[in-house]
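Please open the model in your viewer and keep the selection tool at hand. The tour begins at the ligand and then moves outward.

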Amino acid sequence: MDISIARDAITHYMEKDGPEVIEFDFFGGEPLLYFDFIRDTVDWFHTRTWNKKHVFFICTNGTILTDDIRDWLIKNRDCVQVGLSLDGCKTAHDLCRSNSYDRVMENIPFFRKYWHHQPVKMTVCADTIPYLAESVIQMEEMGIFFTANLAFENHWGDEKKKAKLLETYEDQLSLLVDYYEERPHLYPVSPMLTAVPEYLGVPSYGEIDPKKIKRFCGAGHEMVTIDVDGSRYPCHRFIPWVTQRELPNENANCQEAWKPDKCNECKLVHSCPTCAGYNWEINGDTGHRTTFHCDSFKLEVKASCLLEWKRLRRKLKANPLKPSNDLKQYKIRLKSISEFLRDPILSNYYGE
Ligand code: SF4
């Protein structure tokens with residue numbers, strides 16, 4: 001991208017359009033391969049006075065940090081946030097990221113020192129599902145602040161392979177439920193094991209009516225992607241060379257209802273992740289959800305609820321003789337989670 005395109009876009013959103021606080025993400029591939037561009041853009045930005053608040057964000061694979069890059073990032077850390085991708089234990093990470101685990105680990109102290117508040121992002125795919133528990137436990141034992149999610153693209157293979165992988169996923173989640181039950185001081189890995197009813201916005205468990213929520217991300221609304229030639233897209237996943245489709249004629253991500261019907265009527269729809277760009281690429285409709293992750297998401301909900309139920313039961317057992325309002329609340333919550341765990345939606349997985 002020519003730097004004038006970046007400057008024009010920044011000037012436009014800082015002076016003419018958009019919200020009062022703007023996050024500018026440098027997005028790759030690996031953005032730090034283009035470090036000179038990032039440095040020149042941010043340094044130019046700081047030669048001017050702007051009325052809006054701002055932050056720059058770089059998501060990196062952590063493999064090419066030179067001394068120059070480190071020094072500049074440290075100097076600018078008040079306005080440049082850096083997020084690291086690390087896909088779990090060595091076996092899992094090396095499987096997905098070209099044997100780069102050892103190089104990334106060398107840089108972990110740097111990220112922990114300067115961006116300890118920024119969660120490391122762990123993405124799990126079919127190949128790394130068997131290493132999930134080992135990966136999560138290792139991250140916890142290293143004291144890394146992280147999130148973990150399963151890719152929702154179709155990485156499952158045929159029906160037989162998918163059924164086997166789902167079984168493995170359930171086993172791995174079960175190991176993590178045991179791990180976190182034994183360690184109540186730890187917040188369970190999010191969002192994988194935090195999908196409890198309140199977070200899900202399930203009617204009668206939370207206050208949000210899922211039927212009123214018709215989009216899941218900011219694509220086409222709070223978010224815009226500027227391509228290398230200056231073209232604007234609702235997000236990077238709408239770029240025609242990514243989707244092999246033209247852009248939607250109507251405003252993207254403005255659906256009034258979800259498709260397919262099973263999603264529109266699903267009580268998990270508020271928290272079940274969906275990607276407007278991927279929906280457009282696969283189904284030609286931002287509101288027509290892909291459902292490759294339907295079964296795995298239900299397994300996460302089930303494991304999350306089970307973990308919460310086990311933790312609550314422990315608390316109750318630890319305080320049997322001390323009736324209090326807290327205890328009463330625990331009991332109510334335990335009962336509601338027990339009911340939710342028996343909900344047919346959580347047994348409707350492994351193929352439909
Ligand atoms: S859990 Fe399944 S049915 Fe429910 S919203 Fe997600 S993909 Fe659709």
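Select the ligand first: around it stand Lys262, Cys263, Cys266, Leu268, Val269, Cys272, Arg289, Thr291, Cys294, Phe297 and Lys298, where a residue counts as near a molecule if its C-beta atom, placed from the backbone, lies within 6 Å of it. Helix 10 (261-264) and helix 12 (294-318) are the elements that give two or more residues to this shell, and helix 12 supplies the largest share, three residues. Helices (H or I, at least four residues) and strands (E, at least two) are DSSP runs, numbered from the N terminus.

This is a predicted model, in which local features need pLDDT of at least 70 and side-chain atom pairs count only at pLDDT 80 or more, while totals for chains, interfaces and linings use all residues. Residues are numbered from 1 along each chain as its sequence is written.

Next, select residues 146-150, which are strand 5, and add strand 4, with which strand 5 pairs in the parallel sense over five bridges; two strands pair if DSSP finds at least two bridges between them. Within this pairing, Thr123 has Asn149 of strand 5 as its bridge partner. Extending the selection to strand 6 gives an open sheet of three strands in the order 4-5-6, with parallel pairing. Strand 4 (120-124) and strand 6 (190-191) stand at the edges with a single partner strand each, so one side of each is left without a neighbour in the sheet.

Finally, select the whole protein chain, which has 13 helices and eight strands, and whose C-alpha atoms fill a box of roughly 65 × 45 × 45 Å, taken along the principal axes.
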